[in-house]
Amino acid sequence: MRNMIYLDNAATTRVSEGALEAMLPYFAEQYGNPSGIYEFATRNKKAINRAREEIAGVIDCNPAEIYFTSGGSEADNWALCKVAELMREKGRHIITTKIEHHAILHACEWLEKQGCRISYIGVDEQGMVKLDELERAITRDTILISVMTANNEIGTIQPIMRIGQIARKHNILFHTDAVQAVGHVPVSVRKCGIDLLSASGHKFNGPKGVGFLYMRNDIPMSSFIHGGGQERGRRAGTENVPGIVGMGQAIKEAARMMSQRAKQEQRLRDYFMNEVLRRIPYARVNGSRRNRLPNNVNFSFQFAEGESILIMLDAKGICASSGSACTTGSTAPSHVLMALGLPEELAHGSIRFTLGQDTTKEEIDYVIDELEKIIAQLREMSPFYTELSGENKK
Ligand SMILES: *Cc1c(COP(=O)(O)O)cnc(C)c1O
């Protein structure tokens, strides 16, 4: 079997050995319902609460402020929809950005139908949210600011602490979708003045279908899912015990290895980025190079279409992505790249590579070689490129 090179870690990650091992007993042997009163059940409750403490330690909050969910999308929906409900006496205006994940953008579209007004703040050509525009958008009616910590397509990291300060100054709740950041870069909800935060297990080598919402303990939120008393009466349903235990183990490992891993990924990513720019003409990197996740690089190649590049990479055993997983399969250009002001043609020709802790230099060298060949091949078929390279002959 040909080896696969996996460079799509922003879409999902492999479950770590440790997380898998931690989960296994909870599928069959330790099957007690955590709400039971006998020891066989309460030990599962304890396992859940150990995961809660682990998570709270990593993002710098109280364990009682962590609520387990089915993933990042649920946490985002919970935060937006329930804050809108809670604050409807105060106002109906929410501020977010043009580059959010669809879990935020589509929840906002739904809220608009319910009578909320949403301001979508733009970004500069580096993909950084325009803070002056954000502050100017605030009205007496504003109830929530929701800005992602790190973007899933271009990896840009926003100045979350400053946005927290702006929210605090105007007495507005602040939510951040930190799904791409948690477990990869340091995140402190205390230091950044974050009131609500979303994260997802499968983005930091935990299992899929489990995530969490951090919610500051003095937000008087009513129940999101009605039923039993789980999650302090705010999210009913028997807990996903194996998932939660696996996520707890994964975040513990991610936190322990964070700085070493970030350094390693960044070194390799920078090599990749520089080699591609050196060897492939008419290529560009999308998004800020400074404020960026260590494992992300997003390229646009003029005169070569993104989907075609991906298909040809796949034929060479290389997994990458154009934009987000959710837009793959559709022909619309990425909303994130359009927000950067990229012409539609370049937005279509973009590819995201996201490295993992196991990515090697040999793999990257192979990808660079293949990518160079693929782009040349595709451009040979492009009349614009043939014309241009004819003109430029020296
Ligand atoms: C993956 C992702 C989500 C969705 O998380 P799921 O656990 O897959 O529901 C939300 N926001 C961002 C930024 C993501 O990258």
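In this predicted model, the lining of the largest pocket comprises 4 nonpolar, 7 polar and 4 charged residues. The volume of this pocket is about 400 Å³. The lining is made up of 15 residues, and those closest to the centre of the pocket are Tyr6, Asn9, Arg14, Asp358 and Thr359. Among these, Tyr6 belongs to the nonpolar class, Asn9 and Thr359 to the polar class, and Arg14 and Asp358 to the charged class.

Attention may now turn to the ligand and its surroundings. The shell around the ligand consists of 13 residues, of which Ser73, Asp177, Gln180, Ser200 and Lys203 come nearest. When the residues of this shell are sorted by class, 2 are nonpolar, 8 are polar and 3 are charged. The largest share of the shell is contributed by helix 3, which spans residues 72-86 and supplies 3 residues.

Individual atoms give a finer view of the contacts with the ligand. At Gly72, a backbone N or O atom is found 2.8 Å from an oxygen atom of the ligand. At Ser73, a polar atom of the side chain lies 2.7 Å from a ligand oxygen atom. Asp177 approaches another element of the ligand: an N or O atom in the side chain of Asp177 is 2.7 Å from a nitrogen atom of the ligand. On its own, the ligand has 380 Å² of accessible area, and the protein covers 87% of this area.

Technical notes
Residues are numbered from 1 along each chain as its sequence is written. This is a predicted model: local features need pLDDT of at least 70, side-chain atom pairs count only at pLDDT 80 or more; totals for chains, interfaces and linings use all residues. Side-chain values use heavy atoms; hydrogens and water are left out. On a 1 Å grid over the protein atoms alone, a cavity is a set of points where a 1.4 Å probe fits but cannot get out, and a pocket is an open set with protein on both sides within 12 Å along at least five of seven lines; lining residues have an atom within 4 Å of a point. Grid points are joined across faces, edges and corners, and a volume is the space filled by probe spheres set on the points. A residue is near a molecule or strand if one of its heavy atoms lies within 4 Å of it. A polar contact is a pair of N or O atoms within 3.5 Å; within protein, one must be able to donate a hydrogen and the other to accept it, and residues adjacent in sequence count only if both atoms are side-chain atoms. Accessible areas come from the Shrake-Rupley method with a 1.4 Å probe; for residues, only the protein chains shown count as cover. Helices (H or I, at least four residues) and strands (E, at least two) are DSSP runs, numbered from the N terminus.
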